[in-house]
Amino acid sequence: MSNVDIDAKIPNNVDLAGDRRLQRALEQWQPKFVRWWEDLGPAAFKRNPVYLRTAVAVGQEGWANFDHVEMPDYRWGVFLAEPEPDRRIAFGDHKGEPVWQEVPGEYRSDLRRLIVVQGDTEPASVEQQRHLSLTAPSLYDMRNLFQVNVEEGRHLWAMVYLLHRYFGRDGRQEADEMLERHSGDPDNPRILGAFNEETPDWLSFFMFTYFTDRDGKYQLASLRESAFDPLSRTCDFMLKEEAHHMFVGATGVGRVVQRTIDLMHEHDTDDVQPHGGINLDVLQKYVNFHYSVSLDLFGAETSTNAANYFAAGLKGRFKEESRDDDHQLKSVYRLVPEATDDGIGTREVTQLAALNETLRDDYTEDCQKGVDRWNRSLADAGIDFRLRLPHAGFHRDVGTFRSRHVSPDGLLLSDEEWQANASSWLPTDADRAHVQSLMVGVTEPGKMAGWVAPPSRGIHQQPVDYEYVKI
Ligand SMILES: [Fe+2]
Ligand SMILES: [Fe+2]
């Protein structure tokens, strides 16, 4: 059992007090982080007490504490999951060897890169969402937004700890740069494209937490397999927090669907826009947009980098150990999509080459579950409309579908065909303007904005009308 030092300046279970140099270095980074939070974290309700979950332990018997906290006083800490005794590398060229407690010299720059790319997304999403608190549809939702934000901040801490502890001077430099790149900054943007777009409204926020945070889940889950044990244990614990972020997305979209159903029935119409709701076809366009940009985050169908990371033991597959193959993947094959001028087909490659595609498949299967749940609400309400995930080639900017036009059904289109139909597949300016027009902040406990249904229950056994944020 690692001991939790909860009262330290930086709460942790990694014995920071036993490594004074490291402790001092992180304590010097801490005020820079707090300044970043003040400048680029939530833009409104900065000092209001929020009913937040704070990680205080990592064990099975409860790891979190719930209480009202002013966000700048949130106790961002460093927590690694408990080590697994005699853990062995589960895949790649080093399969069967003991996992590493230090970074092997030959993998230093690759590991640093993986940690930096993951770490960079965490503060990026806080920056993207910073204006949303002003238009929160309820105090419950505002609280959930802030919960996601403080935990993304903690995930940055998790990556910064690894950089400081294992990567010396370059690691400290990278940690500083995490606070210097900013989402959407033309001179110094965040590393991944999708993290440079603002999250302009709450429907986008729910879609982002459903689709884009779920990419994060799959990236973390494959880093949890890493032979570099501290990275594995860090990601393991981050995944616990991440589950709530996806809950916010899944239930958020589900509540919008429910509200639309209610308005359709109440007014006996498919067009709920005049009644302050969001039409099902607009929801479908938002699904199309967020799902497709999230697919891009997995990279091209085949990737030498991903193959090298796997062979080296740095990054595995989702649930690596439960897979029934040789875990080397050099002589097992699979099909990947291939778009040519003649149409969309497939080609056969080694599974080692196709790791991005395999992770994307796992992701898609997971995304479908929420869609099925939303569709059950529609079916139960006697409505024929069904939401669906578009074809993998739709609206893609990475891989074989890049610079091709593909319909949601998977048909290769000419430029003209695409132009003629794009406005029925992706949110138009008018759709976005309508959604924007619905965004009004609601700050009375238990009250909801008119475009979204109330949640079925509150947070941590509190009632829905609990004062989640003290105004
Ligand atoms: Fe995160
Ligand atoms: Fe997240």
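Does D15 count as buried or exposed, and how many C-beta neighbours does D15 have inside 10 Å? Keep that one in mind while we take a walk through this structure, which is a predicted model.

Let's start with the whole protein. Eleven helices and six strands make up its secondary structure. Laid along the principal axes, the C-alpha atoms fill a box of roughly 65 × 60 × 45 Å. A compact globule of 471 residues would have a radius of gyration near 23 Å, and the protein has 23 Å, so the two agree. As for burial, 45% of the 471 residues count as buried. The contact pattern is worth a look too: if you take contacts between residues at least 6 apart in sequence, 68% of them join residues at least 24 apart.

Now zoom in on a pair of helices. Helix α5 spans residues 202-223 and helix α9 spans residues 355-380; their axes come within 10 Å and cross at roughly 135°. An angle from 115 to 145 degrees falls outside the parallel, antiparallel and perpendicular ranges, and α5 and α9 are therefore oblique to each other. The crossing of α5 past α9 is right-handed. If you would like to select the residues in your viewer, the α5 side of the contact consists of Y210, F211, R214, D215, Y218 and S222, and these meet L359, D362, Y363, D366, C367 and G370 in α9. Sorted by class, this contact has six nonpolar, two polar and four charged residues.

Backbone torsions bring us back to the opening question. D15 is not a glycine, yet it has a positive phi of about 55°. You will find D15 in the segment before α1, the helix of residues 20-40. A residue counts as exposed if 12 or fewer other C-beta atoms lie within 10 Å of its own. D15 has 12 such neighbours, so it counts as exposed.

Another aspartate deserves a similar visit. D86 also has a positive phi of about 55° without being a glycine. Its place is the loop between strand β2 (64-70) and helix α2 (108-128). Is D86 buried or exposed? With 7 other C-beta atoms within 10 Å, D86 is exposed. For a sense of distance from this loop residue, try E174: the two residues are 88 apart along the chain, and their C-alpha atoms are separated by 31 Å.

Conventions: Residues numbered from 1 in each chain as written. Chains lettered and ligands numbered in written order. Predicted model: local features only at pLDDT ≥ 70, side-chain atom pairs only at ≥ 80, totals over all residues. Axes fitted to C-alpha atoms, helices over the stretch in contact; angles between N-to-C directions. Helix = DSSP H or I, 4+ residues; strand = E, 2+ residues; numbered from the N terminus. Parallel < 35°, antiparallel > 145°, perpendicular 65-115°, else oblique. Left-handed = near helix turned anticlockwise from the far one by under 90°. Contact = placed C-beta atoms within 7 Å. Nonpolar A, V, L, I, M, F, W, Y, C, P; charged D, E, K, R; others polar. Buried ≥ 20, exposed ≤ 12 C-beta atoms within 10 Å, placed from the backbone. Rg over C-alpha atoms; globule rule 2.2 N^0.38 Å.
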